[in-house]
Amino acid sequence: MLGLLGDEWTLLVVQQALLGATRFAEFKVRLPISNSVLTRRLQSLTRDGLLERRVYQTNPTRSEYLVTPRSRSLWPVLLSIWEWERHWVPDHAEQLPGMRHVACGADFAPLLTCHSCGEAADNKDVVAQWGPSGSWSRSMPAVATRRRSEGDQAAGLFPQTMNVLGNRWGFALLVAAFVGVSRFTDFQSQLGAPPGSIADRLSIFTANGVLVASDNRYRLTEKGRALFGVLVTALQWAQRWFQAPEGPAVILTHTGCGKRFDAVLACDQCAEPLTGAQVATV
């Protein structure tokens, strides 16, 4: 998850593919991305099974990139990001569209619920523990990420999410904050990240109001806690498509019913579970 989703351009390319882009030129028009970066992302997304490359013309060879079941199943993550940006980031250059549930016809907000009992849940209702294949060392990014200047950030429908989560160490640091890590030295020792990377991410998180610093500790704000749905749906996606032979890396338990927590997004108006095909913009 950290390797694939903890990259701002990867998330944005997948987002545009789900919105209908298939060809190189279409991605270029929709994203402020260089040819070389787009080429590398399309290659890596194809290699990791999120896109399927299909040649539609020879002499010269031209290809299109089609979504796969693996990338289509990312819709709960992107829907959770959409809702977070819509609620917590008011200063978009263009106002984000609303959401309409086609099944009931209502404008809605996605509600995170427990598959076992159907009740709504947030970070206070879910307990996380390492599973058979889980550990901090095994979960950490294998590839270093460089610092980005403000002008080097990716743009798109979700600029603040990409600023906060579009980095492998940022995604990891947010997960650590949700399980109680709060001191700089603890973030560094638990994650094994370079001090500069930790300092950079903490600075961005506090500047964006996701964390607040006091008494040498960094704690989640209400805005930061609202990212729980993004993290849970991303974790669930990763554990579905990248299973370890020993078992899951993380086990979630819903304290309300005492059963394993599997996240389901539901319509807050009719309470029915959502599907990607039932979500329209307004």
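Select Asn216 to begin: at 67% relative accessibility, Asn216 counts as exposed (over 50% relative accessible area, with under 20% buried and partly exposed in between; 1.4 Å probe, protein chains only). Its phi is near 60°, a positive value in a residue other than glycine.

Before moving on, note that this is a predicted model, in which local features need pLDDT of at least 70, side-chain atom pairs count only at pLDDT 80 or more, and totals for chains, interfaces and linings use all residues. Residues are numbered from 1 along each chain as its sequence is written, and side-chain values use heavy atoms, with hydrogens and water left out.

Next, pick Asp215. Its phi is also positive, about 55°, and it is not a glycine. Asp215 is exposed, with a relative accessible area of 67%. It sits in the loop between β7 (211-214) and β8 (217-220). Asn216 lies in the loop between β7 and β8 too. Most residues other than glycine have a negative phi, and most peptide bonds are trans.

Now go to Asn59 and Pro60. The peptide bond joining them is cis, with omega near 0°. Pro60 is in the loop between β1 (51-57) and β2 (62-67).

Zoom out to the whole chain. Colour by secondary structure to find 13 helices and 11 strands (DSSP runs: helices are H or I, at least four residues; strands are E, at least two; numbering starts at the N terminus). The C-alpha atoms fill a box of roughly 60 × 45 × 45 Å along the principal axes. Finally, shade by burial: 46% of the 282 residues count as buried.
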